[in-house]
Amino acid sequence: MNVVFDMDRLLCLLKDFHLVTKLRVGVYDCGYREVLAWPVQHSGFCKIIRSREKWLECCKKSDMEAFERAGKTGDVYIYQCHAGLTEAVAPVRSRDETIGYLMFGQMRNKDGTAKQWKELLSVFASMDVDAGYL
């Protein structure tokens, strides 16, 4: 299905969503290509991870699996990415057909902050990245 977006109105909606939630939100087409996101840039954490080809491929794989799962179930899929952050993918549907996706993230698990930070530090250490300034 060929979907046409009103990019100005969509951007206003994404900015408002971000203002309320402080989460990055992206709109994706059926081919899992980003149409628009706000903020445009990924978080500092994700920028660091995505700066290394090996880890960028892990991000892409994690996202792809999430899109596919949400598409198959037709429901929101909440998951932990390979780096330990929580993300969500929601299919956008029209007449029982998936016409795109919304992706929200990245979030830390508030209940397990100390444990999660330890896991994230281990991810950075495996990348030879000094996370002391984060």
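These are legends for a set of close-up views of one protein, all taken from a predicted model.

**View 1. The whole chain, with its four helices and five strands.**
Start at the N terminus and the elements run α-β-β-α-α-β-β-β-α. The protein has 134 residues, and 37% of them are buried. Take the contacts with a separation of 6 or more: 41% of them join residues that are 24 or more positions apart. On the outside, the protein exposes about 8,600 Å², with carbon and sulfur atoms supplying 54% of that.

**View 2. Helix α1, residues 7-21.**
This helix has 15 residues, and from its first C-alpha to its last it reaches 21 Å, close to the 21 Å expected at 1.5 Å a residue. Its buried residues are L10, L14 and H18. Looking down the axis of α1, you'd find these buried residues within an arc of 75 degrees, so they line one face of the helix. The spacing fits a simple rule: an α-helix has 3.6 residues a turn, so residues three or four places apart point the same way. What lies over that buried side? The cover for the buried residues of α1 includes β1 (24-28) and β2 (34-38). Turn to the face pointing away from the buried side and you meet the exposed residues D8, R9, L13, L19 and V20. Just past the end of α1 comes K22, with a positive phi of about 65 degrees.

**View 3. Helix α3, residues 53-73.**
Here there are 21 residues, which at 1.5 Å a residue should span 30 Å, and the end C-alpha atoms are indeed 30 Å apart. Buried along α3 are W55, L56, C59, S62, D63, A66, F67 and A70. These residues take up an arc of only 135 degrees around the axis, which puts them on the same side of α3. The other side of α3 has E53, K54, K61 and K72, which are exposed.

**View 4. S62, a serine in helix α3.**
Is S62 buried or exposed? With a relative accessible area of 11%, S62 is buried, because the cut-off for buried is under 20%. Setting aside neighbours within four places in sequence, S62 is in contact with Y79, C81 and H82.

**View 5. G74, in the loop between α3 and β3.**
G74 follows α3 and has a positive phi, near 70 degrees. The relative accessible area of G74 is 30%, so this glycine is partly exposed. Which residues does G74 touch, leaving aside neighbours within four places in sequence? The contacts of G74 are with P91 and R93. V92 is 18 residues away from G74 along the chain, yet the C-alpha atoms of the two are separated by 8.5 Å.

**View 6. The largest nonpolar core, made of 20 residues.**
Inside this core, the residues with the most contacts are F45, I49, Y79 and V89. Five elements are worth picking out here: α2 (44-50), α3, β3 (77-80), β5 (97-107) and α4 (113-126) each supply at least two residues of the core. Which element gives the most? That is α3, with five residues. Zooming in on F45, and leaving aside neighbours within four places in sequence, you can find contacts with A83, L85, L120 and F124. Apart from this core lies another one, of eight residues, among them L10, V27, A88 and F104. L10 has already turned up in View 2, as one of the buried residues of α1.

**View 7. Cysteines, with zero disulfides in the whole structure.**
Why is C58 not bonded to C59? For C58, the closest cysteine sulfur is the one in C59, and at 7.1 Å it is too far for a bond, because a disulfide needs the two sulfur atoms within 2.5 Å. C58 is partly exposed, at 29% relative accessibility, whereas C59 is listed among the buried residues of α3. Elsewhere, C30 has a relative accessible area of 35%, so C30 counts as partly exposed too.

Methods:
Residues are numbered from 1 along each chain as its sequence is written. This is a predicted model: local features need pLDDT of at least 70, side-chain atom pairs count only at pLDDT 80 or more; totals for chains, interfaces and linings use all residues. Side-chain values use heavy atoms; hydrogens and water are left out. The expected span of a helix is 1.5 Å times one less than its number of residues. Buried means under 20% relative accessible area, exposed over 50%, partly exposed in between (1.4 Å probe, protein chains only). The arc is that of the directions from the helix axis to the C-beta atoms. Contact means heavy atoms within 4.5 Å. Accessible areas come from the Shrake-Rupley method with a 1.4 Å probe; for residues, only the protein chains shown count as cover. A nonpolar core is a set of buried Ala, Val, Leu, Ile, Met, Phe, Trp, Tyr and Cys residues joined through side-chain atoms within 4.5 Å.
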